[in-house]
Amino acid sequence: MKHLISTRDLSRAEAIQILDVAEEMREAGTREVKKLPALRGRTVVNLFFEDSTRTRISFEAAAKRLSADVINFSAKGSSVSKGESLKDTAQTLLAIGADAVVIRHPASGAPARLAATDWIDLPIVNAGDGMHEHPTQALLDAFTLRRQLALRENVSPLGRGLDGLKVAIVGDILHSRVARSNLWLLRTLGAEVTMVAPPTLLPVGSGNWPCTISYDLDSVLNAGVDAVMMLRVQGERMKAAYFPNPREYSRYWGLDDARLGRLNASGMDTLILHPGPMNRGLEISSAAADSDRALVLEQVTNGVAVRMASLYLLLSGDLTKESSL
Ligand code: NCD
């Protein structure tokens with residue numbers, strides 16, 4: 001594998017390899033000296049054409065922990081606001097001496113375009129493109145789930161998939177690249193996925209996805225799931241009224257205090273994930289976000305390890321001679 005554009009491109013073996021290398025990276029992150037020399041002398045450029053807090057910082061931390069140099073580029077305040085094309089921006093990066101490009105872009109397909117052209121010949125990592133994909137988010141979610149399950153069962157997470165795990169992905173599926181990347185990866189790893197959303201927030205064609213679709217959060221939670229992944233309501237991508245009002249959204253589709261209470265009373269150990277940033281009080285209540293079941297900060301911690309593994313495997317194939325990565 002030369003680029004990381006979509007989780008759809010990952011075989012099970014490749015996905016598990018990234019998760020296994022991320023375990024080593026996470027372990028290194030608990031040492032007193034967290035830095036590894038693996039990418040010394042290499043330069044990673046973070047090319048962000050869309051707002052981001054955790055993803056950009058996470059990629060920066062990941063590259064720095066591997067001893068790479070990092071150049072952060074955000075479209076605001078750059079020549080992109082003067083109308084510079086993606087091609088010119090990309091070629092400028094090459095001329096500067098970049099070794100890998102991490103790109104977030106509002107247009108679905110921008111990272112794939114960069115990877116497919118001869119503008120630059122560098123590994124490209126998709127850090128979220130429009131409503132398409134966000135592969136490292138899905139990898140860090142899978143990593144987080146796998147780790148929790150291994151802890152519960154008191155076994156090593158290494159080499160394992162997520163076979164038989166039941167995951168509900170809830171909310172604004174229509175605008176969510178996180179939902180799409182998670183669907184493909186969770187399926188590859190053997191999990192069963194249910195998408196829960198109002199009909200207005202499900203994309204055309206989702207009926208053909210390899211998942212169950214439900215409009216009823218309570219029945220999905222009552223039937224029992226191992227994890228529920230709440231999605232942010234992406235107001236900035238909404239140009240129409242997709243639901244009557246926030247109160248109604250949260251009553252029907254939110255993980256509110258009442259649903260958390262029922263989960264707690266049920267004795268089920270359903271885990272709660274959210275990629276952040278959270279709209280507290282809308283798709284998730286504060287009590288749910290801060291509960292013992294919630295893995296939101298664990299996801300952020302694991303994100304660094306997963307991005308270290310991704311950058312490492314893309315930039316220095318030597319650890320993985322026997323694999324196709
Ligand atoms: C997600 C994104 O940007 O796609 N956030 C993230 O990367 N942590 C989800 C979102 O913005 O809702």
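How far is an oxygen atom of the ligand from an N or O atom in the side chain of H134? The distance is 2.7 Å. Keep in mind as you look around that this is a predicted model. Let's start with the ligand and its surroundings, then visit two spots along the backbone.

**Where the ligand sits**

- The ligand takes up the space of the largest pocket.
- Twelve names are worth finding in the structure: the ligand is surrounded by R54, T55, R104, H134, Q137, R177, V178, R232, Q234, P275, G276 and P277.
- If you sort this shell by class, you get three nonpolar, five polar and four charged residues.

**Which parts of the chain build the shell**

- Two helices, α2 (54-65) and α6 (177-188), each give at least two residues to the shell around the ligand.
- Domain 1 (7-133 + 303-315) and domain 2 (135-299) each contribute at least three residues to this shell.

**Polar contacts with the ligand**

- The side chain of H134 places an N or O atom 2.7 Å from an oxygen atom of the ligand.
- R232 also uses its side chain: one of its polar atoms is 2.7 Å from an oxygen atom of the ligand.
- G276 takes part through its backbone, where a polar atom lies 2.9 Å from a nitrogen atom of the ligand.
- On its own, the ligand has 310 Å² of accessible area, and the protein covers 95% of it.

**A cis peptide bond beside the ligand**

- G276 and P277 are joined by a cis peptide bond, with omega at about -5°.
- Both G276 and P277 are among the residues around the ligand, so try finding this bond once you have located the ligand.
- P277 belongs to the loop that runs between β9 (271-273) and α10 (286-289).

**A backbone angle to look up**

- S67 has a positive phi, near 70°, and is a residue other than glycine.
- You can find S67 in the loop between α2 and β2 (69-74).
- The helix before that loop, α2, is one you have met already, as a supplier of at least two shell residues.

Terms used
Residues numbered from 1 in each chain as written. Predicted model: local features only at pLDDT ≥ 70, side-chain atom pairs only at ≥ 80, totals over all residues. Heavy atoms only, no water. Near = heavy atom within 4 Å. Polar contact = N/O pair within 3.5 Å; in protein donor to acceptor, adjacent residues only side chain to side chain. Areas by Shrake-Rupley, 256 points an atom, 1.4 Å probe, with all protein chains shown as cover. 1 Å grid on protein atoms, 1.4 Å probe; cavity = no way out; pocket = protein on both sides within 12 Å on 5 of 7 lines; lining within 4 Å. Sits in = over half its atoms within 2 Å of the grid points. Helix = DSSP H or I, 4+ residues; strand = E, 2+ residues; numbered from the N terminus. Nonpolar A, V, L, I, M, F, W, Y, C, P; charged D, E, K, R; others polar. Domains from an automatic or database assignment.
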